[in-house]
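Me: Could you take a close look at one part of this model for me, the nonpolar patch on the surface, and then walk me through the helices and backbone around the chain? I'd enjoy one connected account.

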Amino acid sequence: MATSAAAAPLPSVLWGTLIISGTIIGAGMFSLPVVMAGAWFSWSSALLIFTWFCMLLSGLLFLEASLHYPAGSSFDTVTRDLLGRKWNLFNGLSVAFVLGILTYAYISASGAIIQRSLGLLSLPVSARSAGLVFTLLVALFIWLGTAVVSRMTLIFLGAKIITFLMIFGGLLWQVQPSILLDSGATDSHYLRYLWLVLPFCVTSFGYHGNISGLMSYYQKQPGRVVRCLVFGTLLALAIYFIWIIGTMGNIPRPAFKEIAAQGGNIDVLVNALSGVLHSSNLNLLLDIFSNFAVACSFLGVSLGFFDYLADVFKFDRSATGRLKTTILTFIFPLTAAMIWPNGFLVAIGYAGLAATLWAVITPALLAWQSRRHFATASWRVRGGNAPIILVLVFGVLNIVVSLLSYGNWLPQYTG
């Protein structure tokens with residue numbers, strides 16, 4: 001019987017791919033056209049591809065280091081052993097900040113978009129109330145476990161992709177090359193605005209908190225986890241491109257100034273797109289897509305936050321232990337969302353700097369140290385030390401850009 005259990009087939013790579021892509025493709029994508037408006041399409045596209053590659057490498061580097069530890073070991077366990085307690089404390093604070101503030105951002109986004117959707121049905125509800133109810137539903141799924149989250153993600157992602165294709169089948173037909181290429185622009189300075197895009201691109205490829213869960217899910221089989229990371233991030237990249245082409249090809253560049261001035265929240269961009277669609281059916285699909293996009297990211301990010309907190313506080317996987325972790329996962333982001341319900345774009349921006357530390361710098365350092373501490377490894381990222389160096393340089397660049405941005409020392413595309 002033991003042999004039969006050990007030989008049980010592992011879950012399909014599809015489930016892990018959906019967890020990764022579902023985490024990445026979500027509410028954060030709504031910030032991209034707004035922050036990319038200054039650099040516009042060509043330069044922003046190049047930066048998005050470069051960011052995707054570096055963020056994929058950083059995830060693979062963390063996978064390489066974590067293979068030396070028991071399945072389920074998150075950043076806390078691996079970082080404390082390889083980089084010491086002080087760095088682990090610093091890194092741990094950044095992990096908690098990023099996952100916490102992104103959870104807050106998705107509560108804020110869910111409240112705003114659900115309020116808008118119900119308003120179209122003449123069902124008035126406050127953003128706070130909508131965010132609260134939806135958060136409790138997500139918390140239930142998280143408490144039930146990774147398998148439930150992956151299946152719910154499949155439902156949400158499937159519905160999101162279907163509505164996405166139906167919407168952008170219409171939007172892409174309406175794309176005007178003159179708008180997409182910003183022909184005849186009065187402000188033709190693009191490169192100066194590119195730097196501000198980088199922190200948002202980094203945040204838009206945040207999936208690293210889910211790698212530990214996948215390690216347990218696939219019983220430390222690196223080949224399967226690698227495929228999940230590659231396929232999941234590539235799917236996200238493809239959908240991002242369809243998204244920015246559909247938005248930037250229909251909404252003129254100067255119009256994004258007004259969207260940003262109104263806070264850049266999801267409902268503002270959706271309203272702008274609704275003015276382009278001129279179809280009640282497409283407007284309805286856009287609202288459905290927006291809700292499922294928020295739900296996918298919300299599930300993925302909060303699951304990563306849950307796994308991290310469970311590892312830090314050593315809560316067991318019993319129903320009681322999972323309940324403790326679930327409460328700790330949501331209590332602070334939910335409280336913040338009840339006090340500040342419209343902080344989506346600001347939260348995404350601030351997450352970029354802290355995300356660089358734990359999702360870029362730390363994975364590179366962990367891979368470097370693991371190669372020094374462990375003579376043999378079951379799997380390693382190809383290319384020797386080149387991937388580590390590239391990821392470190394990318395991380396330092398993003399830190400510098402983020403600090404300059406917070407100090408208002410970079411040009412901003414404003415009215």
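Reply: Happy to! A patch here is made of residues with over 30% relative accessible area and no salt bridge, and nonpolar side chains are joined into one when they lie within 5 Å. Please keep in mind that this is a predicted model.

With that definition in hand, the nonpolar patch on the surface consists of Phe97, Val346, Tyr350, Leu403 and Tyr406. Together these five residues present about 480 Å² of accessible area. Two helices, α17 (344-373) and α18 (386-406), each supply at least two residues of the patch.

Tyr350 is a good member to zoom in on. This tyrosine is found in helix α17, and its relative accessibility is 44%. Buried would need a value under 20% and exposed one over 50%, so Tyr350 counts as partly exposed.

Let's follow α18 from the patch to another helix. The axes of α18 and helix α4 (residues 40-66) come within 10 Å, crossing at roughly 120°. Angles of 65 to 115 degrees count as roughly perpendicular and those over 145 as roughly antiparallel, so α4 and α18 are oblique to each other. As for its hand, the crossing of α4 and α18 is left-handed.

Helix α4 also has a backbone detail to check. Trp40 lies in this helix, and its phi is near 60°, a positive value in a residue other than glycine. Is Trp40 buried or exposed? With a relative accessible area of 3%, Trp40 is buried, because the cut-off for that class is under 20%.

A second positive phi turns up at Lys314, at about 55°, although this residue is not a glycine. Lys314 lies in the loop between α15 (280-313) and α16 (319-339). Its relative accessibility is 52%, so Lys314 counts as exposed. Side by side, then, Trp40 is buried, whereas Lys314 is exposed.

One more helix pair rounds out the tour. Helix α5 (residues 75-83) packs with helix α6 (residues 85-120) at an angle of about 150°, and their axes are 7 Å apart. Because angles over 145 degrees count as roughly antiparallel, that is the class for α5 and α6. Their crossing is right-handed, while that of α4 and α18 is left-handed.

Definitions and conventions
Residues numbered from 1 in each chain as written. Predicted model: local features only at pLDDT ≥ 70, side-chain atom pairs only at ≥ 80, totals over all residues. Heavy atoms only, no water. Patch = residues over 30% accessible without salt bridge, like charges linked within 9 Å, V, L, I, M, F, W, Y side chains within 5 Å. Areas by Shrake-Rupley, 256 points an atom, 1.4 Å probe, with all protein chains shown as cover. Salt bridge = Lys/Arg side-chain N within 4 Å of Asp/Glu carboxyl O. Helix = DSSP H or I, 4+ residues; strand = E, 2+ residues; numbered from the N terminus. Buried < 20%, exposed > 50% of the residue type's maximum accessible area, 1.4 Å probe, protein only. Axes fitted to C-alpha atoms, helices over the stretch in contact; angles between N-to-C directions. Parallel < 35°, antiparallel > 145°, perpendicular 65-115°, else oblique. Left-handed = near helix turned anticlockwise from the far one by under 90°.
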